[in-house]
Amino acid sequence: MSDIALMEAIKGDFGLDVEIKEKVIKGYKSQVYRATLSGKTVFIRINKDPRKYEVEIAGYKIFKEKGIPAPEVIVYKANPAKIGYPTMIISAADGVSINEAGLSTEQNSAAYENLGGILHKINQTNIKGFGPLEVVDGKL
């Protein structure tokens with residue numbers, strides 16, 4: 001699908017005016033586009049497997065409940081009419097990578113300590129069951 005066709009499909013399926021900036025990932029099952037929506041960077045994600053996004057959205061919800069930074073799911077449809085595959089539009093993180101930030105040694109240490117705290121929260125997150133993740137009755 002061309003960028004213009006995708007922008008028109010997003011308008012038709014979600015009522016949103018996006019501007020496609022670039023295709024980030026292209027594969028057989030998944031495609032990701034960097035776009036702008038109301039001046040903010042977003043990612044448009046299309047995947048042939050609807051279970052993937054259901055699990056991801058449930059995971060983001062758990063993270064937010066625990067105070068772990070996660071993207072905002074702007075919209076999601078399992079079967080949008082024009083695109084035809086599960087599609088999710090999520091927010092992009094603001095900022096730059098640590099390597100590009102030009103931090104002092106002390107600031108760099110503090111940033112990595114903060115990241116370690118976030119990883120600790122992630123690793124302390126427990127869910128029921130074992131094996132591949134799936135959503136059952138709205139819960140991961």
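## A walk along the strands

Start by selecting residues 40-47, strand β3, together with residues 87-91, strand β5: in this predicted model, five bridges pair the two strands in the antiparallel sense. Now pick out F43 on β3. Its bridge partner in β5 is I90, so show both side chains and keep them on screen.

Stay with F43 and look across to the other neighbour. F43 is also the bridge partner, in β3, of R34. Color β3 by burial while you're here: six of its eight residues are buried, leaving the strand mostly covered.

Next, add residues 30-37, which make up strand β2. β2 and β3 run antiparallel, with eight bridges joining them. For another pair to click on, try T36, which stands opposite T41 in β3.

Where do you find a positive phi in the hairpin of β2 and β3? Zoom in on S38, where phi is near 55 degrees; this hairpin has two residues between the strands.

Back to β2 as a whole. Why is it described as largely enclosed by the rest of the structure? Because six of its eight residues are buried, with buried meaning under 20% relative accessible area.

Last stop: select residues 18-26, strand β1. Seven bridges join β1 to β2, and these two strands run antiparallel. Click I20 and then A35, its bridge partner in β2. To finish, follow the backbone from β1 into β2: a hairpin makes the connection through three residues.

Methods. Residues are numbered from 1 along each chain as its sequence is written. This is a predicted model: local features need pLDDT of at least 70, side-chain atom pairs count only at pLDDT 80 or more; totals for chains, interfaces and linings use all residues. Side-chain values use heavy atoms; hydrogens and water are left out. Buried means under 20% relative accessible area, exposed over 50%, partly exposed in between (1.4 Å probe, protein chains only). Helices (H or I, at least four residues) and strands (E, at least two) are DSSP runs, numbered from the N terminus. Two strands pair if DSSP finds at least two bridges between them.
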